[in-house]
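Open the structure in your viewer and keep the sequence panel in sight. The tour goes from one selection to the next and says what is found at each stop.

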Amino acid sequence: VDRIGFIGLGLMGGPMAANVAHAGYRLAVYNRTVSKTAPLRELGAEVVSSPREVAENSAVVITALTDGGAVLEVLDGDAGLLAGASDGMVLIDMSTTGPEAALAIGRAAAAHGVKLLEAPVVGSVGPAREGTLGILVGGEREVFEAQRDLLGTMGAPNHIFYMGPQGTGAAAKLCINLMVAAQMVSLAEALTLAAKSGVDVQQMAEVVRASGISSRFLALKSEKLLQGDYEAAFPLEHMHKDLGLVVRAADTAEAAIPATAVIHQLYTAARAQGYGSQDFAALYRLMTQMAGLDA
Ligand SMILES: NC(=O)c1ccc[n+]([C@@H]2O[C@H](COP(=O)([O-])OP(=O)(O)OC[C@H]3O[C@@H](n4cnc5c(N)ncnc54)[C@H](OP(=O)(O)O)[C@@H]3O)[C@@H](O)[C@H]2O)c1
């Protein structure tokens, strides 16, 4: 089995890399904050001290980083990934970057003979741990087909989609997050209105769960936020970042998304209130605060 490199062992990358290791791939890992590499070392991964060392001797390198800027930083410079890459290496970037950055990353990679698959993921830390993420891939189809098994260690087989050429995977991911962000706002507004109307919010959440609009997402998030559990599965600041990408991509594509533009502002406000590092369910805290309630 060829060596696989993995860079970025955060909330998502950590469990994703663990699944690659569990599947029996030989793995070299790097994380800027070294302490996060410990669980991978225990699984037998080689821990190296730069992105360049990850790329050296790896046929494929996976990145799961904060955003496009972080990916470009990791690619760049003497200790950067591209400095250690050999011709024909495949880079699978699983970060949420947006189409513009995906194209820029693709160009930077191509200049070093590296093929990019952008492969952002759908689902949070639970599916990352279980290896049941959705994966939306943009890039060359043959490159994707050759990496399907590797992607299958992190994603559910029926949720791995080849979307088309570079940028389409990144754009599809933004479409999903647009909906997720809006669902959270609608849940937070509904529960706030319920509370202000003298309705028992726990019962209201039960009503939501029993209704046709229910989903795994609404069930999980309503439970968490009513317990006051805002430990980040998906930090609010990341959703805010993604909404910025959504608004920008819509601008570029000339697609008017007026409701999302307002929703973006709500996440901006929640971030300004200091909820950035909490789960994005903390949007509920903003809503209750605006309504003069305590959450
Ligand atoms: N969490 C979710 O539910 C979720 C769901 C779907 C998609 N995503 C997307 O997945 C990606 C990763 O998210 P996450 O939740 O795993 O975030 P995270 O826990 O904050 O991890 C971010 C990772 O990026 C690294 N990083 C950031 N900037 C860097 C730089 N300039 N140089 C080197 N390393 C850098 C961090 O290193 P350090 O450890 O040193 O900080 C860390 O390993 C994001 O694009 C996010 O939008 C997340």
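Start with helix H9 and show what lies around it: the cover over its buried residues includes H8, H10 and H13. Keep in mind throughout that this is a predicted model.

**Helix H9**

Select Val 201, Ala 205 and Val 208, which are buried residues of H9. Now look down the helix axis. The buried residues of H9 fall within an arc of 55°, so they line one face of the helix.

Next, go to the N-terminal end of H9 and select Asp 200, which caps it. Show the side chain of Asp 200 and the backbone of Gln 202: a side-chain oxygen of Asp 200 is 3.1 Å from the backbone nitrogen of Gln 202.

**Helix H10**

Move on to H10, one of the elements that cover the buried residues of H9. Select Leu 218, Lys 221, Ser 222, Leu 225 and Leu 226, which are buried in H10. They are on the same side of H10, because the arc they cover around the axis is only 120°. What do the buried residues of H10 pack against? Colour helix H8 (168-196), helix H9 (201-210) and helix H13 (283-290) to see these partners.

Stay in H10 and select Lys 224, which is in this helix, residues 216-226. Is Lys 224 buried or partly exposed? With a relative accessibility of 34%, Lys 224 counts as partly exposed, because the value lies between the limits of 20% and 50%. For a distance across the model, add Asp 93 to the selection: Lys 224 and Asp 93 are 131 residues apart along the chain, and their C-alpha atoms are separated by 30 Å.

Then step just past the end of H10 to Gly 228, where phi is positive, at about 70°.

**The ligand**

Now centre the view on the ligand. How many residues surround the ligand? There are 26, and the closest are Asn 31, Thr 33, Lys 36, Thr 66 and Ser 124. By class, this shell holds ten nonpolar, ten polar and six charged residues.

Show the oxygen atoms of the ligand and look for three short distances.

- Select Thr 33: an N or O atom in its side chain is 2.5 Å from an oxygen atom of the ligand.
- Select Leu 11: a polar atom of its backbone is 2.8 Å from a ligand oxygen.
- Select Met 12: a backbone N or O atom of this residue is also 2.8 Å from an oxygen atom of the ligand.

Switch on the surface next. On its own the ligand has 900 Å² of accessible area, and the protein covers 90% of that. To see which elements give two or more residues to the shell around the ligand, select helix H4 (68-75) and helix H11 (236-253).

**Helix H11 and the loop after it**

Within helix H11, select Asp 242. Its relative accessible area is 1%, so Asp 242 counts as buried. Leaving out residues up to four places away in sequence, Asp 242 touches Thr 96, Leu 174, Asn 177 and Phe 234.

Go on to Glu 254, in the loop between H11 and helix H12 (258-275). Glu 254 has a relative accessible area of 76% and is exposed. Check its backbone as well: phi of Glu 254 is near 55°, a positive value in a residue other than glycine.

**Around helix H3**

Select Ser 50, in the loop between strand S3 (46-47) and helix H3 (51-55). With a relative accessible area of 10%, Ser 50 is buried. Apart from its neighbours within four places in sequence, Ser 50 is in contact with Tyr 30 and Ala 79.

On the other side of the helix in sequence is Asn 57, in the loop between H3 and strand S4 (60-63). Asn 57 counts as exposed, at 68% relative accessibility. Its phi is positive, near 75°, and the residue is not a glycine.

**Last stop: helix H2**

Finish at Arg 41 in helix H2, residues 38-42. Arg 41 counts as exposed at 52% relative accessibility, because the limit for exposed is over 50%. Add Ala 28, which is 13 residues away along the chain: the C-alpha atoms of Arg 41 and Ala 28 are separated by 9.3 Å.

Terms used. Residues are numbered from 1 along each chain as its sequence is written. This is a predicted model: local features need pLDDT of at least 70, side-chain atom pairs count only at pLDDT 80 or more; totals for chains, interfaces and linings use all residues. Side-chain values use heavy atoms; hydrogens and water are left out. Helices (H or I, at least four residues) and strands (E, at least two) are DSSP runs, numbered from the N terminus. Buried means under 20% relative accessible area, exposed over 50%, partly exposed in between (1.4 Å probe, protein chains only). Contact means heavy atoms within 4.5 Å. A residue is near a molecule or strand if one of its heavy atoms lies within 4 Å of it. A polar contact is a pair of N or O atoms within 3.5 Å; within protein, one must be able to donate a hydrogen and the other to accept it, and residues adjacent in sequence count only if both atoms are side-chain atoms. Accessible areas come from the Shrake-Rupley method with a 1.4 Å probe; for residues, only the protein chains shown count as cover. Ala, Val, Leu, Ile, Met, Phe, Trp, Tyr, Cys and Pro count as nonpolar, Asp, Glu, Lys and Arg as charged, and the others, Gly among them, as polar. The arc is that of the directions from the helix axis to the C-beta atoms.
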